Amino acid sequence: MTDHDQTHDWDVHALSGAYAVDALDDLERARFEAHLAQCAECREEVDSLREAATALGTADLVAPPAAVRDQVLAGIGRIRPLPPQSAGGTRATLRRRTPLLIAVAAAVVLLLGVGVASLQPWDGDDGPQELTAAERILNAADASTVEKSFPDGSSATIVISRSEGKALIRTTDMALAPDGKAYELWLQSPAGEMVPAGLMPDEADTTYVLDGDASEATGVGITVEPDGGSPQPTSDPIALFALDS
Amino acid sequence: MDPVPGDPAGAPRTGAPAGGHGPDLGPLLQQAARGDSAAFATLYDATAARVHGLVLRVVRDPAQAEEVTQEVFLEIWRQASRYDVARGSALAWLMTITHRKAVDRVRSAEAATRRDVTYEQSNRAVEHDTTVEAAHASLEAHRVRAALTQLTDVQREAIELAYFGGYTHTEVAALLDLPVGTAKTRIRDGLIRLRDTIGVGR
């Protein structure tokens, strides 16, 4: 796959409807969400199509049994509501400003998420942009995903491309690491060795490209380590993703 | 029009009528985000029947559907602060979470054990009848039904298979004998027409 796949943009836009009704597989969803972060037009379209889908889904009214209500109301006592999305403004507040600012802001968000792997979007010209490291993985023909959901409602997805030799992690609603600690990522070698692959950004929702060569990796692990990370895991992984070879 | 449910442990209610003129959901979400469980109980009562109706339609198995409905509301409680009025109605936000959870459940169940298709189809007929009954009762359902007649058969089938069947657009294409890549376009075109006919969104 080249960096300037002509059909790419068109294809991605056309997924808005399928995305709005959850009709994408994990990989397509990851790709489309990466695109959404940069495309205000698609965000608006998805929002409006979700309203339409909602009308479709509200035709069936079936009251759940009373026990469900009791369990829900008992359950919320044990769950802390998430704080509002991190400081600096949500997408929606940015959206009300000029399109250029949105584009820049989206690029900043993406860059923060992706780390220092790619600086090209800063060029600021309007020509075709280089794909970021994350986009190259997501768009690779051999990209595959492994997703894990956790009991607290958070989830993490690994996307790996053997041909790119890289893997990324996307998290949703991940609890932040405790004070003085960080989440460290590891690539598991075929020999079973855990190779440090970077520290996850301290954000609940993030996309991070793992350091190192993932072309042979058999798994991705996450451990809790002291700030700054460790050369070797000092605790059992909180999550381990097995990768298909 | 609804009595205010002051007692969280009170008798179960059937939820707000389909017209959507129940309590204003946005402010309730806002209060819930600050930990107001009474506001959340009101939100639950106003939306439980819609949420459960959709979950049941997608998941089909009543026991599993109850689990999913419970998960959905716990998730709504957890994520209440993330609702952004600039991105759409509170109901759409809530139903988006609902649909995603329901679809996740059928797909993971499917991955665990490839289900018997015959069983599923016979089950679908039963489930469908009970929900159609509820749908007939509502004015909104009529509106949606009328809007659905504006779609081509393929658009309507593609949307229904995706939304109620929980199938991916690739699976929808296979089910409808469409070339791969066509179903996503049918789904999008159909949703756009639906949106413009019912006059929701932008």
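Me: What share of chain B is buried?
Reply: In this predicted model, buried residues account for 46% of the 202 residues in chain B.

Me: And how many helices and strands does chain B have?
Reply: Chain B contains 9 helices and 0 strands. Read from the N terminus, its elements follow the order α-α-α-α-α-α-α-α-α.

Me: Which percentage of the contacts in chain B with a separation of 6 or more comes from residues 24 or more positions apart?
Reply: Such pairs supply 63% of those contacts.

Me: Turning to the interior, how many residues are in the largest nonpolar core?
Reply: That core comprises 77 residues. The residues with the most contacts inside it are A:Val21 and A:Ala52 from chain A, together with B:Leu29, B:Val55, B:Ala162 and B:Ile187 from chain B.

Me: Which helix gives the most to this core?
Reply: Helix 2 of chain B, spanning residues 37–59, gives the most, with 13 residues.

Me: What is B:Ala162 in contact with, leaving aside its neighbours within four places in sequence?
Reply: On the chain A side, B:Ala162 is in contact with A:Ala18, A:Val21 and A:Ala23. Within chain B, its partners are B:Tyr167, B:His169, B:Val172 and B:Ile187.

Me: What about the second, separate core: which residues does it include?
Reply: The second core has 30 residues, among them A:Ile137, A:Ile160, A:Leu168 and A:Ala182.

Me: Now the interface. How many residues of each chain are in contact with the other?
Reply: The contact involves 50 residues of chain A and 70 residues of chain B.

Me: Which element of chain A gives the most to that side?
Reply: Helix 4 of chain A does, with 12 residues. The elements of chain A that give two or more residues there are helix 2 (16–20), helix 4 (40–57), helix 5 (66–75) and helix 6 (91–95).

Me: How do the residues on the side of chain A that touches chain B divide into nonpolar, polar and charged?
Reply: They comprise 29 nonpolar, 11 polar and 10 charged residues.

Me: One last topic: at what angle do helix 6 and helix 9 of chain B pack?
Reply: Helix 6 (residues 139–148) and helix 9 (residues 182–198) of chain B pack at about 130°, and their axes are 9 Å apart.

Me: Why are they called oblique to each other?
Reply: An angle of about 130° lies outside the range of 65 to 115 for roughly perpendicular and is not over 145, the cut-off for roughly antiparallel, so the two helices of chain B are oblique to each other. The crossing of helix 6 past helix 9 in chain B is right-handed.

Me: Which residues make that contact?
Reply: Helix 6 of chain B contributes B:Arg143, B:Val144 and B:Ala147, while helix 9 of chain B contributes B:Leu194, B:Thr197 and B:Ile198. These divide into 4 nonpolar, 1 polar and 1 charged.

How values were computed:
Residues numbered from 1 in each chain as written. Chains lettered and ligands numbered in written order. Predicted model: local features only at pLDDT ≥ 70, side-chain atom pairs only at ≥ 80, totals over all residues. Core = buried A, V, L, I, M, F, W, Y, C linked by C-beta atoms within 7 Å. Buried ≥ 20, exposed ≤ 12 C-beta atoms within 10 Å, placed from the backbone. Helix = DSSP H or I, 4+ residues; strand = E, 2+ residues; numbered from the N terminus. Contact = placed C-beta atoms within 7 Å. Nonpolar A, V, L, I, M, F, W, Y, C, P; charged D, E, K, R; others polar. Axes fitted to C-alpha atoms, helices over the stretch in contact; angles between N-to-C directions. Parallel < 35°, antiparallel > 145°, perpendicular 65-115°, else oblique. Left-handed = near helix turned anticlockwise from the far one by under 90°.
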